[in-house]
Amino acid sequence: MATASITKQFVISDDSVCQRLIDEMYNTKRKKRKRTTDPDAYEKGVKLLKQFSSR
């Protein structure tokens, strides 16, 4: 990550946007992503790596 993006200052000029930001910061119930597992993920990954590997 670039240093400029870390130190960038954001300006909120709209009260409704400011309130939405505050609500999101204090929102404890965040949506969790469902993780799906693919039983063949390893084999698919090996095949994809073989395409780019000389071994």
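Partly exposed means a relative accessible area between the buried limit, under 20%, and the exposed limit, over 50%. The legends below use that term for a predicted model.

**View 1. The whole chain is helical in pattern, α-α-α.** The chain has three helices and zero strands. Buried residues make up 0% of its 55 residues. The chain exposes about 6,500 Å², and carbon and sulfur atoms supply 55% of that area.

**View 2. Confidence varies along the predicted chain, from lowest in H1 to highest in H2.** H1 has a mean pLDDT of 65, and H2 reaches 88. The chain averages 79, with 78% of the residues scoring at least 70. Where pLDDT is low, the predicted coordinates should not be read in detail.

**View 3. A nonpolar patch lies on the surface.** Its members are Ile-12, Val-17, Leu-21, Ile-22, Met-25 and Tyr-26. Together they have about 570 Å² of accessible area. Ile-12 sits in the loop between helix H1 (3–7) and helix H2 (15–25). Ile-12 has a relative accessible area of 39%, so it counts as partly exposed, being neither under 20% nor over 50%.

**View 4. Asp-14 contacts Ser-16.** Asp-14 is another residue placed in the loop between H1 and H2. The two side chains make a polar contact at 3.0 Å. Asp-14 is partly exposed, because its relative accessibility is 39%.

**View 5. Lys-44 and Asp-38 form a salt bridge.** A search of the whole structure finds one such bridge. The N to O distance between the two side chains is 3.0 Å. That value falls within the 4 Å cut-off for a salt bridge. Side chains of opposite charge can pair when their charged atoms come close. Both partners are in the middle class of exposure: Lys-44 is partly exposed at a relative accessible area of 47%, and Asp-38 is partly exposed at 35%.

**View 6. Helix H3 covers residues 41–52 and lies largely in the open.** Zero of its twelve residues are buried, so the helix lies largely in the open. How far apart are the end C-alpha atoms of H3? They are 17 Å apart. At 1.5 Å a residue, the twelve residues should span 16 Å, so the two values agree.

Technical notes:
Residues are numbered from 1 along each chain as its sequence is written. This is a predicted model: local features need pLDDT of at least 70, side-chain atom pairs count only at pLDDT 80 or more; totals for chains, interfaces and linings use all residues. Side-chain values use heavy atoms; hydrogens and water are left out. Patches are made of residues with over 30% relative accessible area and no salt bridge: like charges are joined within 9 Å, nonpolar side chains (Val, Leu, Ile, Met, Phe, Trp, Tyr) within 5 Å. Accessible areas come from the Shrake-Rupley method with a 1.4 Å probe; for residues, only the protein chains shown count as cover. Helices (H or I, at least four residues) and strands (E, at least two) are DSSP runs, numbered from the N terminus. Buried means under 20% relative accessible area, exposed over 50%, partly exposed in between (1.4 Å probe, protein chains only). The expected span of a helix is 1.5 Å times one less than its number of residues. pLDDT is the predictor's confidence in each residue, from 0 to 100. A polar contact is a pair of N or O atoms within 3.5 Å; within protein, one must be able to donate a hydrogen and the other to accept it, and residues adjacent in sequence count only if both atoms are side-chain atoms.
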